[in-house]
Amino acid sequence: MSDSPCESVPSTSESPNKETQMKDRCDPLSLIKTAVVVLTRLPDYKISALRPPTPQQFYSEDDSCSSSDSDMLWEQDDDSSDSDFSLSNNKRKTQKKNSSRNDNEQAPIIVSSAFAHCSTETTKVRPNLPEKEVAVGMMILAKRKTMKWQRGKIVDIVTKEDGRLKYKVCFEQKGRSLVSGHHIAFDTIPDLEQLYVGARVVVRFPDHKFRPGVLSELPSRKNRLRFLVFIDDHTPLYLGLPSFHLVCRPLDDILEDIPDDPHKAFMARYLKDWPYPHLTQFKAGQMLNVQLNGVYQRSEVQAVDCSVMQVLFQDTQVREWIHRGSIRLQHMARFLDINTVEEQDYDSD
């Protein structure tokens, strides 16, 4: 017998494997175990349960099958082109063959789009920052007419009896005017921290003309990192930061500065719904009725760019970019009328 308790004498009846196991049992190094990580894919229903809850009336982007920015379907016809995502490929092909002529006549889906989930992209509250100084000698943009602003210089600041300040402006293109603080804008590029949805701005057009508007989208991946501004005549524009200027002393209710009543009502609803603006879903080639000069005219969608789309008026062959939630769209106007009635009924109850 050996002096070592760990020695073993192989017998003819024991297999080499058993001998090896006994040696390993006595070897301290063999006691060290190697950690192994096994990844198991969870079922989709478990993944959904682990996600943070979203408001009940909105779907998340991951759940949307018909559009990358569609979260809630407000209205959907049975023969809508976006309603066949649940059909099989064969059925979808058959449907397209049988309804190729009717595709252009479909009523659009109206969605409430979750524009973004980051507060810096959706804020509609004016930041609590010190007001920038407005002084004599400053170059500014000032209101000349309802839809016409011009560059000029502040030559005097007048204090009225009620304490309000008025600014005497000498325009570059001749003429002078005495205007309020909400009718002048800084002639500099605004700081990002100053911007919010609902900010009163003045836009510089390619023809070097200036028109007032309201900032309606902040840059995000949904609009390809651009700003959306609604001009006071209801025209939507995607812009870069250097193309607009902040109004110096905006009114507490910026809607009071909008002269057009239908657009004022639209902006009131838009800002109330933000960051879930109502949008119609159209594709290039679809036909729709768009209001022009107070009359609905037959139009064709030419292109869709994020929240705006280009339409071609059939009678005049004129192209125009309009917002996908514009009250000029017949389907949207009807939807907003119905929605307003339902809200009034709810309030009365």
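UniProt positions are given in the numbering used here, and the annotations may be inferred rather than shown by experiment.

**Figure 1. Overall confidence of the predicted model.** The structure shown is a predicted model. Its mean pLDDT is 77, and 65% of the residues score at least 70. Two segments stay under a pLDDT of 50: residues 1-15 and residues 45-101. For residues 1-15 the model has five contacts beyond four places in sequence, while for residues 45-101 it has 65 such contacts. Where pLDDT is low, the predicted coordinates should not be read in detail.

**Figure 2. The annotated domain in two parts of the chain.** An unreviewed UniProt entry places the feature "domain: Histone methyltransferase Tudor" at residues 195-233 and 283-330. In the view of residues 195-233, the chain is 46% strand and 0% helix. The C-alpha atoms at the two ends of residues 195-233 lie 21 Å apart.

**Figure 3. The hairpin of β3 and β4.** Strand β3 spans residues 139-145 and strand β4 spans residues 148-159. The two strands pair in the antiparallel sense, with six bridges between them. Two residues separate β3 from β4 in this hairpin. One bridge within the view sets Ala-142 against Gln-150 of β4.

**Figure 4. The hairpin of β4 and β5.** Strand β4 also pairs with strand β5, residues 165-171, in an antiparallel arrangement of seven bridges. Ile-157 stands opposite Tyr-167, a residue of β5. The hairpin has five residues between its strands. At Gly-163 the backbone takes a positive phi near 95°.

**Figure 5. The largest cavity and its lining.** The model holds three cavities of 30 Å³ or more, and the largest of them contains about 90 Å³ of space. Its lining consists of Phe-266, Arg-269, Tyr-270, Asp-273, Pro-277, His-278, His-323, Gly-325, Met-332 and Leu-336. The elements that give two or more residues to this lining are α5 (261-273) and α6 (330-348). Helix α5 gives the most, with four residues.

**Figure 6. Chemical character of the cavity lining.** The residues that line the largest cavity divide into five nonpolar, three polar and two charged. Among the lining residues shown are Arg-269 and Asp-273, together with His-278 and His-323. Phe-266, Met-332 and Leu-336 also belong to the lining.

Methods
Residues are numbered from 1 along each chain as its sequence is written. This is a predicted model: local features need pLDDT of at least 70, side-chain atom pairs count only at pLDDT 80 or more; totals for chains, interfaces and linings use all residues. Side-chain values use heavy atoms; hydrogens and water are left out. pLDDT is the predictor's confidence in each residue, from 0 to 100. Contact means heavy atoms within 4.5 Å. On a 1 Å grid over the protein atoms alone, a cavity is a set of points where a 1.4 Å probe fits but cannot get out, and a pocket is an open set with protein on both sides within 12 Å along at least five of seven lines; lining residues have an atom within 4 Å of a point. Grid points are joined across faces, edges and corners, and a volume is the space filled by probe spheres set on the points. Ala, Val, Leu, Ile, Met, Phe, Trp, Tyr, Cys and Pro count as nonpolar, Asp, Glu, Lys and Arg as charged, and the others, Gly among them, as polar. Two strands pair if DSSP finds at least two bridges between them.
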